[in-house]
Structure formats: C-alpha cells, structure tokens
Amino acid sequence: DNFTELGSVSSITTATMGSSTYALVASEDDNGVQIINITTPGSPIATSAIPDNSNYSVLGGATSITTATIGSSTYALVASYSDDGVQVIDITNPHQPTATSSITDGAGGYTELKGVNYIIATTIDSSPYAITTAGTDKGVQFINLEYPLTIKSNNANPAYAKAGDVLTLGFAINDSIVSHAANFVNLNKAPTGTVNDQSSRS
C-alpha cells in the first residue's frame with residue numbers, strides 16, 4: 001500500500017506541516033525514507049517514499065533521521081551509515097520532497113562522517129546546526145545548516161557535471177549574504193576553472 005521504505009526501520013521522528021502531522025522513518029535495509037501522514041493515527045497514509053537514487057545519493061544504510069526548520073522551510077536530515085554522509089531533504093511539501101544537498105566524509109572539510117550513525121538538529125548562537133556521531137571515525141561532526149547551498153547539473157546524475165552541462169545554483173538570500181556580495185565571483189566574467197568529465201561536486 002505504498003509503504004515501500006520500511007525495511008529494517010532504524011529511526012523515526014515527527015514533523016507538523018500545516019494542519020497535518022507526519023512520521024518520518026529511516027529505513028536501513030531499503031536505503032531510504034518513508035513519510036507517513038499520521039494526523040489520524042488509526043488510519044496512517046503513505047505520503048511519499050524517498051529511495052536512494054541519483055537524486056538522493058546519500059541514503060545508503062539510513063540509520064538516523066531528524067528535522068530542522070530554516071526560515072519557512074522544513075528539512076529532513078538523514079544520517080547514512082553506508083554512504084558515510086548526510087542527506088538533506090526539503091520536506092516543506094511532504095508530497096513532493098526535494099533533495100537539497102548531500103554531505104559526505106572527506107568532501108568540503110567534513111572529516112568525521114565515516115560510519116555516521118546518529119544525527120540531531122540544534123541551534124547554536126542563533127544558527128541551525130546538525131550534529132552527527134560516526135562509529136568508524138569515532139568522532140563528532142558539526143554542520144552549519146544556516147544557508148543551504150545547492151549545485152545541480154542537468155546530467156543524468158545531478159551531483160556530477162561534464163563540459164556542456166547546465167549547472168543550477170540555489171541559495172537563500174539574506175542580509176549577511178548581501179553584505180558580503182563583493183566577495184562573490186562575478187558570474188558575468190569568463191570562468192577561470194574547468195569542469196572535467198564526471199568531476200565530483202564540491
């Protein structure tokens with residue numbers, strides 16, 4: 001009955017959006033997330049299922065899930081044991097969740113995500129953070145979630161790009177970003193770098 005991401009359930013949390021309450025379930029065996037409308041607990045409704053695929057590339061062995069609200073958006077944060085990382089999913093519209101970003105061990109300065117097995121969301125100095133524990137790395141990783149930045153290509157795998165692909169950049173505009181606009185690359189100028197075939201996003 002459309003409950004397709006419930007194999008070896010490893011973690012569960014809840015979120016309220018609008019007048020509805022949802023259960024968000026991480027499935028370790030199915031490598032994904034199941035969103036269930038539990039507004040009427042006696043009649044739960046399968047709202048959406050999110051499997052590990054090219055769009056959601058860091059859901060292998062999903063072991064822990066939590067939520068964070070940033071601005072007017074609600075996000076699911078999923079710790080992926082097998083993929084050594086965190087998948088961030090915009091669930092503001094739980095019927096149409098979208099992959100916001102993914103973070104993996106060794107990329108972008110994240111060094112304590114190998115064997116990540118637990119995740120929580122918190123606020124530190126008014127900024128939203130995810131905090132994870134990693135069994136293999138035997139460490140803790142702090143991840144600032146304040147201004148999620150997404151870069152996607154129109155490649156078959158949006159996390160990769162080759163010459164000729166179109167890249168889409170998404171970020172939240174705020175006073176801090178505007179005040180530092182002088183530090184941004186002038187996109188009207190010719191790029192100074194190159195993109196190799198199947199170069200990983202960073």
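**Cores, sheets and confidence**

Colleague: Which residues touch the most other members in the largest nonpolar core?
Modeller: Keep in mind that this is a predicted model. The largest nonpolar core has 17 residues. Of those, the ones that touch the most other members are Val33, Ile35, Ile50, Ile65, Val78, Ile89 and Ile91.

Colleague: And which strand gives the largest share of this core?
Modeller: The elements that put in two or more residues are strand 1 (9-17), strand 2, strand 3 (32-37), strand 5 (62-70) and strand 6 (73-80). The largest share is 3 residues. Those come from strand 2.

Colleague: How many residues are in the second, separate core?
Modeller: Leu77, Ala79, Leu113 and Ile119 are among its members. Counting every member, this second core has 14 residues.

Colleague: Which residues is Ile89 in contact with, leaving aside its neighbours within four places in sequence?
Modeller: Ile89 is one of the residues that touch the most other members of the largest core. Leaving aside those sequence neighbours, its contacts are Ile50, Tyr56, Thr74, Tyr75, Ala76, Val78, Pro97, Thr98 and Thr100.

Colleague: Let's move on to sheets. Which are the edge strands of the open sheet with the order 5-6-7-8?
Modeller: This sheet has 4 strands, with antiparallel pairing. From one strand to the next, the twist averages 20°. An edge strand here pairs on one side only, and that fits strand 5 and strand 8 (98-104).

Colleague: Which residue in strand 6 stands opposite Ile65?
Modeller: Strand 5 and strand 6 run antiparallel to each other, paired over 8 bridges. Across from Ile65, in strand 6, you'll find Val78.

Colleague: What about the sheet with the order 9-10-11: by how many degrees are neighbouring strands turned against each other on average?
Modeller: Here 3 strands make an open sheet, again with antiparallel pairing. Strand 9 (116-124) and strand 11 (139-144) sit at the edges, each pairing on one side only. Ignoring direction, the average turn between neighbouring strands is 25°.

Colleague: Which residue in strand 10 is opposite Ile124?
Modeller: Strand 9 pairs with strand 10 (residues 127-134) in the antiparallel sense, over 8 bridges. Opposite Ile124, in strand 10, stands Ser127.

Colleague: Why does Thr122 count as partly exposed, rather than buried or exposed?
Modeller: Thr122 belongs to strand 9. Buried would need under 20% relative accessible area, and exposed would need over 50%. Thr122 falls in between because its relative accessible area is 30%.

Colleague: How far apart in space are Thr122 and Leu145, C-alpha to C-alpha?
Modeller: Apart from its neighbours within four places in sequence, Thr122 is in contact with Ser127, Pro128, Tyr129 and Ile131. Leu145 is 23 residues away from Thr122 in sequence. From C-alpha to C-alpha, the two are separated by 9.9 Å.

Colleague: Now the whole chain. What percentage of its residues count as buried?
Modeller: The protein chain has 1 helix and 15 strands. About 11000 Å² of it is exposed, and carbon and sulfur atoms supply 50% of that area. Out of 202 residues, the share that counts as buried is 39%.

Colleague: Last one: where is confidence lowest?
Modeller: The mean pLDDT of the chain is 83, and 81% of its residues reach 70 or more. Strand 2 (residues 20-27) has the highest confidence, at 97. Over residues 173-202, though, the pLDDT is below 50. With a mean of 39, the lowest is strand 15 (residues 199-200).

Notes:
Residues numbered from 1 in each chain as written. Predicted model: local features only at pLDDT ≥ 70, side-chain atom pairs only at ≥ 80, totals over all residues. Heavy atoms only, no water. Pairing = 2+ DSSP bridges. Axes fitted to C-alpha atoms, helices over the stretch in contact; angles between N-to-C directions. pLDDT = per-residue confidence, 0-100. Contact = heavy atoms within 4.5 Å. Buried < 20%, exposed > 50% of the residue type's maximum accessible area, 1.4 Å probe, protein only. Areas by Shrake-Rupley, 256 points an atom, 1.4 Å probe, with all protein chains shown as cover. Core = buried A, V, L, I, M, F, W, Y, C linked by side-chain atoms within 4.5 Å.
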